[in-house]
Amino acid sequence: MSDTIFRKDGTAQGVAKQRLIESLAKPDKRVIFDPLAKNFVLGSAIMKLMGHKLNVWLSKKLAPGFHEHLIARTRFIDDFIEQSSDEGIEQYVILGAGYDLRGHRLKLSPKLKIFEVDQVEVQDRKRSKLPMNSPNSENITYVSVDFNQQSLSEQLLKAGFDKNKTTVFTLEGVTQYISKEAVISTLGELSTLTQNANITLYLSYVDVLFNENPTACFGAGYLNTEKIANRIKNMSAKVGEPWISFYSAQEVSNMLVNCGFSITTNKTLEDLNQLYFSPVGRALAEEHIFNLEHSVIAKKVVI
Ligand SMILES: C[S@@+](CC[C@H](N)C(=O)[O-])C[C@H]1O[C@@H](n2cnc3c(N)ncnc32)[C@H](O)[C@@H]1O
């Protein structure tokens, strides 16, 4: 991630692009809505002209299930954050926030303090493209951190984070880009920092099988699994953000347990397909399911 010839926001844009595509669907057909995503995607005007169906069709040519996988992940976290806000959490820290606009687009308690953490270059670009007076801006604080090089706790505390308050952390679509050592030390830091508070953590990780035996990460009957797996990895590498870390469920569980967390949920697109796409008549067939990434929720409760 330190390659200076790249803008560092290639993958953040890639995710925002899928959220823009989804937001182009009719209200009764879409799974998430991100009206500001267009500000962060190159070529958004053309994509708007093309409309939802054509964009989804093109994404299916690239990799069936790719668009739905990212949208299911987004919706899963949206629901989790809205529910946590309703339950009265006091702080929300978005780690590797990129062009995530949850702080602006979800219905959250006005008392919820939000911290967005990412590399300074990505945050500068985000701020320059965010419309003035975007909803809830007053509750959002930007905290610049390079996970590979800087201490997260130090930067969070400097930015006004209260280590005694109930907090939700999310790490969406990030663990594949940073070293395992950086993930372990970041989780360890969070755990030490918040030892007197109840903490809930969301993290996504790419299954180690995606590297070792790609077919195992796709639904039965999915075609050209190895080719598609390589295509996905190449797309990230081409924008200077290669996937470098892959995990087994046991490894993630050990990592979290060592930091005092216990896992309450572990879902893939297989689970979320029926939940989110069936109700809008867009359920994916088994042969288009793409289970490369897991969505995990873990809790650390102070007794
Ligand atoms: C695929 S994007 C995901 C962005 C956002 N979570 C989302 O889902 O829209 C990965 C994000 O991780 C951030 N990131 C990658 N390596 C990082 C590092 N070493 N320190 C801080 N942020 C990093 C990138 O800048 C980028 O915003």
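## Asn273 in helix α11

Asn273 is a good place to start in this predicted model: at 3% relative accessibility, Asn273 counts as buried. Its place is helix α11, an element that spans residues 269-277 and gives two or more residues to the largest nonpolar core. The side chain of Asn273 reaches out to the backbone nitrogen of Leu284, at 2.9 Å.

Leu284 is also among the residues that Asn273 touches once those up to four places away in sequence are set aside; the others are Ser278, Ala283 and Ile289. If you look further along the chain to Ser295, you will find it 22 residues from Asn273 in sequence and 13 Å away in space, C-alpha to C-alpha.

## The nonpolar cores

The largest nonpolar core holds 59 residues, and the members that touch the most others are Ile81, Tyr92, Phe210, Ile232, Trp243 and Phe290. Several elements give two or more residues to this core: the helices α1, α2 (44-62), α3 (66-86), α9 (225-238) and α11, together with the strands β1 (91-95), β3 and β5 (199-206). Helix α3 supplies the largest share, eight residues.

Phe290 is worth a closer look. Leaving aside its neighbours within four places in sequence, Phe290 is in contact with a run of residues from Ala63 and Pro64 through Gly65 and Phe66, and also with His69. Further contacts of Phe290 are Phe210, Cys217, Phe218, Ile232 and Leu269. Two of these partners, Phe210 and Ile232, appear beside Phe290 in the list of core members that touch the most others. There is also a second, separate core of 32 residues, including Val145, Leu152, Leu201 and Leu256.

## Around the ligand

Now for the ligand, which is surrounded by 22 residues; Arg19, Gly96, Asp118, Gln119 and Glu172 are the closest. Sorted by class, this shell has 10 nonpolar, six polar and six charged residues. Helix α1 (residues 10-23) gives the largest share of the shell, with four residues. Helix α1 is also one of the elements that give two or more residues to the largest core.

Polar atoms of the protein approach the ligand from both backbone and side chain. A nitrogen atom of the ligand lies 2.8 Å from a polar backbone atom of Gly96, and a ligand nitrogen atom is 2.9 Å from a polar backbone atom of Phe147. On the side-chain side, Arg73 places a polar atom 3.4 Å from an oxygen atom of the ligand. Taken alone, the ligand exposes 580 Å², and the protein buries 99% of that area.

## Glu181 and Ser59

Phe147 also helps to locate Glu181: the two are 34 residues apart in sequence, with 9.9 Å between their C-alpha atoms. Glu181 lies in helix α7 (residues 180-193). With a relative accessibility of 60%, Glu181 counts as exposed, because exposed means over 50%.

Ser59, in helix α2, makes a useful contrast. Its relative accessible area is 9%, so Ser59 is classed as buried, under the 20% limit. Apart from neighbours within four places in sequence, Ser59 is in contact with Gln18, Pro64 and His67. Pro64 is also a contact of Phe290.

## Asparagines in the loops

The loop between α5 (120-129) and β3 (140-144) contains Asn139. Asn139 is buried, with a relative accessible area of 15%. The side chains of Asn139 and Asn136 form a polar contact at 2.7 Å. Asn139 also touches Pro110, Leu112, Lys113 and Ile114, not counting residues up to four places away in sequence.

Asn133 is in the loop between α5 and β3 as well. Is Asn133 buried or exposed? At 75% relative accessibility, Asn133 counts as exposed. Its backbone deserves a glance too: most residues other than glycine have a negative phi, yet Asn133 has a positive phi of about 60°. Asn224 likewise has a positive phi, of about 55°, although it is not a glycine. You can find Asn224 in the loop between α8 (209-212) and α9.

Terms used:
Residues are numbered from 1 along each chain as its sequence is written. This is a predicted model: local features need pLDDT of at least 70, side-chain atom pairs count only at pLDDT 80 or more; totals for chains, interfaces and linings use all residues. Side-chain values use heavy atoms; hydrogens and water are left out. A residue is near a molecule or strand if one of its heavy atoms lies within 4 Å of it. A polar contact is a pair of N or O atoms within 3.5 Å; within protein, one must be able to donate a hydrogen and the other to accept it, and residues adjacent in sequence count only if both atoms are side-chain atoms. Accessible areas come from the Shrake-Rupley method with a 1.4 Å probe; for residues, only the protein chains shown count as cover. Ala, Val, Leu, Ile, Met, Phe, Trp, Tyr, Cys and Pro count as nonpolar, Asp, Glu, Lys and Arg as charged, and the others, Gly among them, as polar. Buried means under 20% relative accessible area, exposed over 50%, partly exposed in between (1.4 Å probe, protein chains only). Contact means heavy atoms within 4.5 Å. A nonpolar core is a set of buried Ala, Val, Leu, Ile, Met, Phe, Trp, Tyr and Cys residues joined through side-chain atoms within 4.5 Å.
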